[in-house]
Every structure is written in structure tokens, then in C-alpha cells.
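Q: I would like to learn how to read a structure feature by feature, with the general idea set out before the particular case. Could we work through one together?

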Amino acid sequence: MIAAAIGAAEGNRPQLEAYTAFTAELADLAHNNDEVDLSLFASQLLTRAVGMRKLDPNSPAARNLVQAAIACMEVALADPSADGRPRLGAGSANVFATSVVLDPDGTKAALMEVISSATMSVWDYDVVRRLIDQIPAIIVKDPAAAVEIAASVWEFEETRDEATSMMHSQIFDLRSNRKQDLESLRYTVGEVFPKMAASNLTAAAQLLLRIVERTQMLQSWHTAISAGAPPHVRYGDNLRYTGGHGAAATIADALVDQIQTASDRVLDQGLQPDSDEVQSSGIDLSQVVDLLAEKLTHSGVWERLLYHAASAPSLAMARHLAPLLSRSLFACDDTWLAAGHLFQRTSPVLEAEEHYAIEAAILSATEPSRGPEEEQWLLHRRDTLLRAADPEHISHPSAQEHLQDLMESGRESRSLPPLVSPEERHDAEWTVEEDEAPETSGADSGLNRALREVAGAVDQVQSNHDDQRAAGWRRLADSWLDLSRALESQTHRDPSNDHESQLVLMRGACSLAHHSETVPDSELGSRVIATLRAALPPVAEQQQDDSLPADWSGAWGVTVDTEALQGIATLIRWSTWRTARGEELSNLLHPYLDSPSPIYRLLSGQVLASIFTSSAEVLQQLEVRLSRERHYPVLAVLMQVLRRQVSQDPLEVDGILDRLAAQSHWAILAAEPVADAALKSEDHLDIPLHAITGLAAVHGTPYARRTVEAWMSQPLANPNRTIRVISYLRDYLNPHEPSLLEAQERAFKLLELPVASVCSVWRELAKSATRSPDQDEVLSNAVGIAEGATSQIYYASGATSQKKERSPQESDKRDLDRFSEFALPLLEEYAAVHYPAVVHHVIETIDYVASLNPKYALLIATQAATANDSYAYESLAVDAVLKLIKRYMANHRELIIGDSECTSAVRKLIESLVQAGWEKAILFAEEMDVYFR
């Protein structure tokens with residue numbers, strides 16, 4: 001508490017110096033005796049006392065902090081994998097990172113050990129993460145240290161797959177794994193890199209080289225194009241997909257931007273790149289350019305540099321990079337176009353020697369060595385590149401001779417293709433340029449255009465933007481009709497192209513089946529159904545699809561057959577099509593329900609309720625097919641159709657589920673617990689549980705009610721089914737429709753059934769020091785059920801939708817009062833499970849619903865939050881509890897001040913947070929002191 005008080009107060013220099021001196025002595029004592037726990041205690045005290053304040057590096061407090069941080073970290077590093085030392089390293093992360101900023105030289109030895117592969121392979125990434133956050137401050141004092149820290153997470157390769165906690169919280173336990181954590185750190189380096197580049201361009205360039213010149217970033221089957229002067233280029237992987245969630249591309253772009261900025265400054269000041277004035281300004285541009293020319297080989301980075309230099313408004317960067325244009329840059333397919341545009345831009349301003357050298361590089365890069373085919377396209381590249389230069393500046397005899405030959409031969413030469421960004425070049429789909437298109441007849445040319453238009457429109461109608469989607473539908477309707485007519489008028493078809501044409505036609509027809517303007521009595525509608533019907537696979541020729549794996553997930557490839565069947569199934573969903581041509585569509589789809597192919601059964605099964613006209617027939621067909629089907633994706637589709645029939649005939653659906661429960665592949669529907677574990681691996685089984693929960697809560701049908709009560713009464717024998725049922729009950733816990741009030745009462749009664757078993761297990765096992773793996777699993781299931789129940793009550797209360805309002809809307813008041821009558825007693829029971837996530841849901845729900853019975857609600861919250869100290873140490877807890885108290889002080893002040901039980905409850909809540917050391921709670925306690933005197 002003393003440390004927290006010092007950390008919270010301003011202007012307490014003497015106290016801070018004295019306290020840091022004390023902790024430094026404590027850390028030295030721990031270091032001398034190799035005491036892990038004492039070292040951790042010292043680092044925790046320093047973290048609280050110093051907090052986020054900036055210390056003067058020359059102050060006694062700073063020196064004490066550095067001394068203590070090094071001592072604590074050296075204890076952790078003495079045997080990094082030993083028990084307790086990884087935790088000590090994580091606990092010392094904040095103070096150690098601060099110490100590196102204050103004294104880079106003094107901490108250098110410990111720093112290099114912390115970021116070594118040996119340490120990173122056994123520790124979590126807490127220390128490295130804090131160090132990366134401090135890179136902008138570290139680079140000012142020690143650029144080399146900043147580069148080492150940033151490079152460490154790119155050069156280290158994680159081999160561990162175990163799960164990690166992102167927040168180290170038992171309330172909001174986001175999970176990751178070590179490989180994902182490393183990718184996150186690489187991404188963070190990308191975020192801080194622009195500040196690095198702005199502070200020290202040379203260090204930033206060195207870091208980029210450490211990242212992109214790793215073996216993993218270069219394509220091993222391509223050797224460097226190393227002839228001639230540097231730079232020598234190797235083909236590199238796309239920077240957007242080389243780790244760090246695209247951070248390598250961000251880093252390269254940031255360096256390019258900073259080189260452009262530095263080049264502009266040099267040009268604006270009329271300085272030479274290697275002048276003393278430039279070097280004294282901190283922009284050693286000449287050194288950076290030389291470093292990249294000598295060391296950088298990654299083609300993707302060079303492409304970015306050249307593209308930016310060739311396209312930037314200012315000529316400054318172009319003028320610096322043009323002399324680097326080498327044989328390798330013109331020979332590499334990734335860089336030749338950007339290099340050509342840079343040459344074209346700078347040709348008029350280059351010195352004669354520079355121009356001559358670039359001409360020689362082009363001639364060398366386009367010298368064929370592997371036969372006639374290579375000779376042809378290299379000749380084309382040489383024509384294009386040399387024609388890009390200012391003709392008056394061409395001085396190389398061979399270049400002059402080549403251009404003369406080009407002019408006299410009448411050989412066609414093209415200008416440089418348009419310059420596109422690296423992203424656009426990588427993303428562009430292959431298209432035939434007009435001037436490269438083969439000679440075609442007028443009919444073929446129209447067909448090709450229609451094919452391209454339909455393919456583009458099919459993609460456009462899937463856009464997330466409404467205006468793009470609307471334009472896509474219009475484009476698709478027009479272009480698809482053109483394609484349909486063009487194919488219809490063809491007299492001779494090329495079999496090699498016919499399949500692709502038919503697939504594009506079918507994709508368009510299937511997409512149009514989803515559009516409301518595709519109506520039966522229009523030319524568009526008539527052509528769509530005719531096209532789809534003609535492409536349906538013949539029923540007599542259907543065969544079992546043996547290519548599907550046993551664990552088939554329900555995915556299928558896009559083929560003419562599947563698109564045709566999907567299109568017909570989509571049409572029958574529309575009431576306009578069922579009215580006009582329903583019998584025809586049903587007859588087309590019916591045979592596929594019994595197809596040997598599970599894909600065809602799945603596609604037709606989705607619309608089974610539209611194929612048959614009466615509800616009784618639909619239910620009969622569903623029961624038959626659910627009994628004999630064995631492919632899980634098809635079962636999931638059929639069960640979804642059955643669930644949608646509940647509102648029409650709940651008793652019959654209940655009976656079907658009862659009869660299915662007796663079959664082995666539907667054992668999950670039985671009251672017995674033997675099949676509960678299947679829910680962990682078979683997601684399709686969620687659907688019948690959703691249906692059963694609705695039947696039990698809303699309709700109270702006999703089988704569903706009996707079965708759900710059996711599961712919920714034995715929650716630890718049926719943990720997976722219990723948790724699923726709890727999640728589905730949420731829809732009925734706080735309904736607004738009067739017709740669902742009986743369902744609300746049933747839902748809360750079902751939610752109460754697991755309480756006794758869950759709380760009994762918690763009392764028995766939670767404090768046990770020696771639990772078996774089986775007992776750990778039982779305890780975990782009990783906590784999961786309690787957390788599930790309290791979280792669903794919280795979400796059902798409406799608290800999440802009213803976060804910004806001080807109290808519920810009046811229109812919801814009556815519903816909330818009824819909800820509170822059911823919810824508060826149940827929250828009180830589940831709060832006996834003193835697990836932070838459970839307690840947090842209780843606190844947040846009470847904060848919202850307490851107005852009905854504020855005293856009762858406050859006492860529940862206090863008992864839940866203070867039964868042990870685990871909740872008080874959660875960062876989310878302090879905000880939730882203080883918010884609750886402030887709400888009570890605003891709405892029920894007389895209760896807090898006038899009722900001794902409530903006064904004691906509030907004091908107890910605040911004290912639990914103060915004892916946990918929360919600065920907010922300490923300050924709040926001082927504010928509240930006036931009320932408790």
C-alpha cells in the first residue's frame with residue numbers, strides 16, 4: 001500500500017528516492033542469496049511505486065531503479081527454465097524495460113540474455129513485449145539496442161504450440177498460442193517502426209535488412225541475380241504474407257516513406273547526400289543508400305523502393321536511387337518494370353556516366369542465354385526499356401545500334417506498361433490486354449467479353465457495399481443474357497473452352513436465382529430456369545461420391561452440376577416461383593433427396609420443406625431421412641429443417657426426436673449421459689439440442705421436458721449438453737412477448753437445476769491442493785456451468801444494450817422487475833462458486849437490476865466479491881465494483897448511509913480492492929471516508 005500511495009502521489013521525490021533505495025537493497029539481498037520470491041516482491045514494489053512516471057536518468061531514484069531491475073532480472077536469468085524464474089522475468093518486465101531506457105549501457109548484458117533465443121524459447125513474451133513498447137525511447141539513446149530488440153522476434157522461430165492467456169485473467173480469458181503471440185510481437189514491431197525510422201534512418205534500415213534478408217523470406221529455388229554491379233536481387237516472398245500479420249510490408253513502406261522524406265529535406269536545403277551538414281542533421285542518406293545497395297537482395301523491397309521513387313511527386317528520391325539501377329534489377333521479373341519507369345523519369349537529369357552505366361545494365365540484363373523463346377521476350381524487354389530513355393541521352397554504342405535496328409526493322413515496340421503498386425501487381429487477376437489479344441472472329445470476341453463481364457458481375461454482387469451490389473445485379477442480368485444468347489448462337493464449339501464457358505454461365509444463373517427480379521414470366525427468368533434444368537446431372541447416372549473423406553465437413557467444389565442444383569433449390573424458396581412453377585421445381589429436386597451423392601442430398605435437403613406441400617408429409621420425410629442418413633453435414637441440414645417445423649406442430653416434432661433418441665447415431669438425444677462427450681467433436685449435434693430446449697421451455701412437450709430436466713439435474717454427468725442448453729435458454733429468460741411468460745418461468749426453473757451439484761463440487765474441490773486430472777476436469781466443468789448460467793442471465797438482463805444509460809428505460813421497467821424476481825435468488829445461489837468470471841457476471845448483472853430490491857442485491861454482490869481475494873486482484877473487478885458503488889451512491893444514498901448492513905457491505909467491497917493495491921480504490925476510499933466517519 002505504501003508503494004501504491006507513492007506511485008499515486010505527485011511531487012514526492014524524497015519519498016520515491018527513499019523507497020527505491022529500500023527496494024534496491026531488497027533486490028540486492030535477493031540477488032546475493034538467489035531468492036526468486038524475494039526478487040519478485042522487490043520488482044512488484046518498484047512497479048507500483050514508479051508506475052508510468054518518467055524519471056530523470058541522473059536522479060537517485062533512477063539509479064536505484066536500474067540497480068534493482070538488473071538484480072531481479074539476473075536472478076531470473078540464472079536458470080531461465082527453473083521453477084519460478086519465468087514468472088520472475090514476467091514480473092520484472094515493466095521495471096526492466098524502464099531501466100533499459102534509463103541506462104542502456106548498464107543493462108546491455110542482461111538485455112542480450114533476455115532477447116536471446118535460449119531465453120525466449122522457455123519464457124513467455126512479457127519482457128520482450130515491454131521492451132518493444134519502449135523502442136522509440138531506447139533508439140534515441142542506443143540505436144543498436146533498439147535494433148537488437150526489434151530483430152529478436154523476427155529471427156527467433158517459435159516451436160511451441162501450447163495455449164497462452166492473452167490477458168492473464170480468469171474473467172476474460174482470451175486464449176492464444178505461442179506462435180500467435182510471436183506473430184503479434186512482430187506486428188507490434190511494425191507499429192513502432194515508423195517512429196524508429198523517423199528517429200534514426202540508418203538503424204531502421206539495418207533492422208529491415210535483419211528482417212527481410214532471413215532465409216525464410218527468400219525463395220530458395222531462386223539464386224541471386226549476381227552478375228554485374230550491386231544491388232543483386234533475389235526473388236522474395238510477398239511481404240504481406242511473411243509473418244507479423246503483414247508487418248514486413250508495413251516496415252518496408254515506412255522505410256521507403258522516410259527515405260523519401262529525407263531525400264526531400266536534402267533537396268530543399270540544396271545539400272549533397274554525403275555532406276557534413278546532412279550527417280550532422282541525423283539523416284545519413286548516403287550511408288543508408290549504400291547499405292541497401294550492398295546488403296538488400298529481397299525483390300519485394302526493391303520493388304517498393306523503385307515504385308515509390310518512380311511515382312512520388314518529388315524527384316528527390318528518384319535522383320538518389322537511379323544510380324543504383326543494376327543488371328539484377330532489370331533482369332528480375334518483380335523489379336524490371338518499376339526500374340524502367342525510374343529510368344524513364346530520371347533519364348533527362350542523369351549524369352552522362354550514370355546514364356551510360358544504366359544502358360549497359362539493361363543490355364546485360366536482356367542478353368539471352370537459354371534459347372529462342374527466351375530470346376524473343378528478352379528482346380521485347382530490351383526494346384521497351386531502351387525506348388523509355390530520353391533518346392538524346394543514349395550514349396552506349398550497343399544501345400544506339402539496337403534502337404537504330406529497331407527503327408529500321410519495323411519491329412513493333414511497345415511503351416512501358418503502366419506502373420502499378422506492388423499490391424496491385426500481386427492482386428491483379430490475369431487478363432488479356434487488347435493489344436496482346438489473339439485474333440478472333442467477331443462472334444468469339446463478343447463471347448469473350450460476355451464471359452469476362454459475367455465473371456466480374458458474379459464477384460460484384462457479393463460486395464459488402466450496397467451500391468456496388470445493386471450495380472452488380474444490373475450488370476449481371478444484362479451480361480448474363482448476352483452470354484446466354486452468344487452461347488446459344490454458336491454453331492461450332494471448342495470442347496477445351498466449352499466447359500469453362502458453361503461453368504461461368506451456370507455461376508451467373510445460380511447467382512441470378514437469388515435476385516428478386518428474376519421472375520418466372522420474364523425472359524431472364526425463363527432462360528435461367530431452362531439453363532439450370534438442362535445442366536442438372538441425370539438422375540439415372542448418379543453415383544456414390546467416393547472422393548469424399550469419412551470426416552467430410554460439408555464443403556463442395558463449384559461445378560456445373562452443383563451450381564445447377566443450387567440454382568433450382570434457390571428458385572423454389574421464392575413464393576413467386578412456387579406459385580408459378582412449384583410442381584415442376586419439386587419434381588426436379590425430389591430425386592436428389594435420395595441421391596447416392598451426399599452433396600446432392602445436402603443441396604436438395606435444404607429445401608425439403610418446399611418440395612413437399614403439407615406439414616405432415618414434410619415431418620414424415622424428415623423422420624425417415626434423419627433415421628437413415630449417416631453424413632453429418634446432411635444430418636445438420638435436415639435437423640435444421642426439422643427445427644423450423646416446431647412452431648407448426650411441436651408435439652409431432654417432440655415425438656420424432658423421442659423416436660430418434662433410441663437410435664445409436666442419435667444417442668445425444670437420450671436422457672442417459674453416455675453420449676455427452678460427442679458434443680466436443682460433432683457440431684451438428686448442437687441443432688437438435690437447440691430444438692429440444694425450445695420445446696421444453698416454450699411448449700413443455702413431454703419428451704423434451706423430461707430429457708432436458710434429466711440433463712440439467714445431473715450437470716456434471718452431462719456437462720456439454722448442460723452448457724449448450726443453458727446458452728439456448730437465454731432467449732426465454734427475459735422475453736417481451738406476453739405469450740412467453742410461461743416459458744420464462746420454465747427457463748429459470750431449468751437453470752436452477754444444476755446449482756446444487758455445481759456448488760457442491762466447488763466446495764469440495766476448489767481448495768484442494770492435490771486434485772487428480774479427473775477431478776480437475778470435474779471442477780472445470782462445474783465452473784463452466786456456473787459461468788455459463790450467470791453470463792446468460794447477465795446478457796438476458798439487457799445490461800449490454802443499456803451500457804450508456806444510467807437506468808433501464810421505463811418501457812422495460814415492468815419486464816425487468818419480473819426478471820429480477822427470478823434472477824436475483826439464482827445469482828445468489830450461483831455466486832457460491834467464487835470463481836472470478838462467475839462473480840463478475842453477478843456484479844455486472846446486479847449493477848443493472850438492483851433497483852427492485854437494492855439491499856438484497858448489494859448483499860449478494862458483497863458476498864460474491866469478498867468471499868475470497870481472487871476476484872479483487874482482477875483488473876476488470878476494480879472498475880465493476882467501483883461502478884456499482886457509485887451507482888448506489890447516486891440512486892440509493894440513504895440506504896448506504898442509513899442502513900448499517902449496507903454501510904458495512906460497501907466498506908467491505910472497498911477494503912478488498914484496497915488490500916489488492918488498486919490505486920483507483922485507494923483514491924476512492926479517501927473520497928468515501930467522509931461518509932463513514
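**Reading the cores, a helix and the salt bridges**

Q: Which residues touch the most other members of the largest nonpolar core?
A: As a general idea, nonpolar side chains tend to be buried together in soluble globular proteins. In this model, which is predicted, the largest nonpolar core has 160 residues, and Trp480, Leu657 and Ile846 are those that touch the most other members. Leu657 can serve as an example: leaving out residues up to four places away in sequence, Leu657 touches Met639, Leu642, Leu669, Ile692, Leu695 and Tyr703. There is also a second, separate core of 108 residues, which includes Val101, Trp302, Leu305 and Ala322.

Q: How many helices and strands does the chain have, and what percentage of its residues count as buried?
A: The chain has 48 helices and two strands, and 50% of its 933 residues count as buried. Of the contacts between residues at least 6 apart in sequence, 70% join residues at least 24 apart. The chain exposes about 43700 Å², of which carbon and sulfur atoms supply 49%.

Q: What span should the 17 residues of helix α45 have, and how far apart are its end C-alpha atoms?
A: Helix α45 covers residues 875-891, and at 1.5 Å a residue it should span 24 Å; the end C-alpha atoms are 25 Å apart, which agrees with that expectation.

Q: Which residues of α45 are buried, and what covers them?
A: The general idea here is that an α-helix has 3.6 residues a turn, so residues three or four places apart point the same way. In α45 the buried residues are Ala877, Val878, Ala880, Val881, Leu882, Leu884, Ile885, Arg887, Tyr888 and Met889. Their cover includes α43 (836-849) and α44 (854-866), together with α46 (893-898), α47 (900-915) and α48 (919-928).

Q: Where does Leu876 lie, and which residues form a nonpolar surface patch with it?
A: Leu876 lies in helix α45, and because its relative accessibility is 30%, Leu876 counts as partly exposed. Together with Phe172 and Leu174, Leu876 forms a nonpolar patch on the surface, and the accessible area of the three together is about 240 Å².

Q: How many salt bridges does the structure hold, and what does the pair Lys108 and Asp142 tie together?
A: The structure holds 43 salt bridges. In one of them Lys108 pairs with Asp142, the closest N and O atoms being 3.3 Å apart. Lys108 belongs to helix α7 (residues 104-114), whereas Asp142 sits in the loop between α10 (135-141) and α11 (143-155), so the pair ties together parts that are 34 residues apart in sequence. As for accessibility, Lys108 is partly exposed, with a relative accessible area of 29%, while Asp142, at 9% relative accessibility, counts as buried.

Q: Which residues are linked with Arg527 and Glu488 in a network of salt bridges?
A: It helps to begin with the pair itself: the side chains of Arg527 and Glu488 meet in a salt bridge, at 3.2 Å from N to O. Arg527 lies in helix α28 (residues 523-535) and Glu488 in helix α26 (residues 466-489), so this salt bridge ties together parts that are 39 residues apart in sequence. Arg527 counts as buried at 18% relative accessibility, whereas Glu488 counts as exposed at 57%. The network links both of these residues with Asp482, Arg485 and Glu523.

Q: Which helices hold Lys855 and Glu901?
A: Lys855 lies in helix α44 and Glu901 in helix α47, so the pair ties together parts that are 46 residues apart in sequence. Their side chains meet in a salt bridge with an N to O distance of 2.9 Å. Lys855 counts as partly exposed at 26% relative accessibility, and Glu901 counts as partly exposed at 44%.

Q: Is Thr384 buried or exposed, and what does it touch?
A: Thr384, in helix α22 (residues 372-388), counts as buried because its relative accessibility is 2%, a value to be read against the cut-off of under 20%. Setting aside residues up to four places away in sequence, Thr384 touches Trp336, Arg414, Ser415, Leu416 and Pro417.

Q: Where does Thr693 lie, and which residues is it in contact with?
A: Thr693 lies in helix α36 (residues 686-699) and, at 1% relative accessibility, counts as buried. Apart from neighbours within four places in sequence, Thr693 is in contact with Val725, Tyr728, Leu729 and Tyr732.

Conventions: Residues numbered from 1 in each chain as written. Predicted model: local features only at pLDDT ≥ 70, side-chain atom pairs only at ≥ 80, totals over all residues. Heavy atoms only, no water. Helix = DSSP H or I, 4+ residues; strand = E, 2+ residues; numbered from the N terminus. Expected span 1.5 Å × (residues − 1). Buried < 20%, exposed > 50% of the residue type's maximum accessible area, 1.4 Å probe, protein only. Contact = heavy atoms within 4.5 Å. Core = buried A, V, L, I, M, F, W, Y, C linked by side-chain atoms within 4.5 Å. Patch = residues over 30% accessible without salt bridge, like charges linked within 9 Å, V, L, I, M, F, W, Y side chains within 5 Å. Areas by Shrake-Rupley, 256 points an atom, 1.4 Å probe, with all protein chains shown as cover. Salt bridge = Lys/Arg side-chain N within 4 Å of Asp/Glu carboxyl O.
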